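User: I should like to learn how to read the features of a protein model. Could you please guide me through some of them?

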Amino acid sequence: MKRISVVVIAALLMVGLTFAAAYAADVRGQYAYVEKGYKGTMTIKWLKGYEGRAYAFVFRTVNPSNGQSCEFEATEIPPRTNDTQPAAGESDSGAKFKISFQGDTARVNVVKKGGECGMSGFFGGTYKKVK
């Protein structure tokens, strides 16, 4: 009986640690755009009024050499179930992207630029978390 209890406790502990690891990364906050030739921010927050774990993204980037910018909000669909997987977002005007997270760095892979950006405006690349 004692052996079974130890096995059950060990199994529950492993399940708990796996669950905690899947949701340990809190990627919400503000990020600075660190791509050469661009400035800006990306803000990540929970999508309000949505059941489940889904993010809302706010992008504000600019190419200082010519003023072309990207300014838009996007949502993550479907809801998030595991923070270790990339987030996939889409805006109302057609911007589509995926974001992978590693520590305080977010890497945005643009699938489709959408209508929110000027001709040389861009939002893809690397962001560093600032708060």
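Analyst: The following turns take up a disulfide and then a strand. This is a predicted model, in which local features need pLDDT of at least 70, side-chain atom pairs count only at pLDDT 80 or more, and totals for chains, interfaces and linings use all residues. Residues are numbered from 1 along each chain as its sequence is written, and side-chain values use heavy atoms, with hydrogens and water left out.

User: Which residues form a disulfide?

Analyst: A disulfide is a pair of cysteine sulfur atoms within 2.5 Å. Here Cys70 and Cys117 form one, with their sulfur atoms 1.9 Å apart. Cys70 belongs to strand 4 (residues 68-76) and Cys117 to the loop between strand 7 (105-112) and strand 8 (125-129), so the pair ties together parts 47 residues apart in sequence. Strands (E, at least two residues) are DSSP runs, numbered from the N terminus.

User: Are Cys70 and Cys117 buried or exposed?

Analyst: Buried means under 20% relative accessible area, exposed over 50%, and partly exposed in between (1.4 Å probe, protein chains only). Both Cys70 and Cys117 are buried.

User: How many residues of strand 3 are buried?

Analyst: Seven of the nine residues of strand 3 (residues 55-63) are buried, so this strand is largely enclosed by the rest of the structure.

User: Which strands pair with strand 3?

Analyst: Two strands pair if DSSP finds at least two bridges between them. Strand 2 (residues 39-46) pairs with strand 3 in the antiparallel sense over eight bridges, and Lys39 stands opposite Val62. Strand 4 also runs antiparallel to strand 3, joined by eight bridges; there Val58 stands opposite Glu73.

Definitions and conventions
Helices (H or I, at least four residues) and strands (E, at least two) are DSSP runs, numbered from the N terminus.
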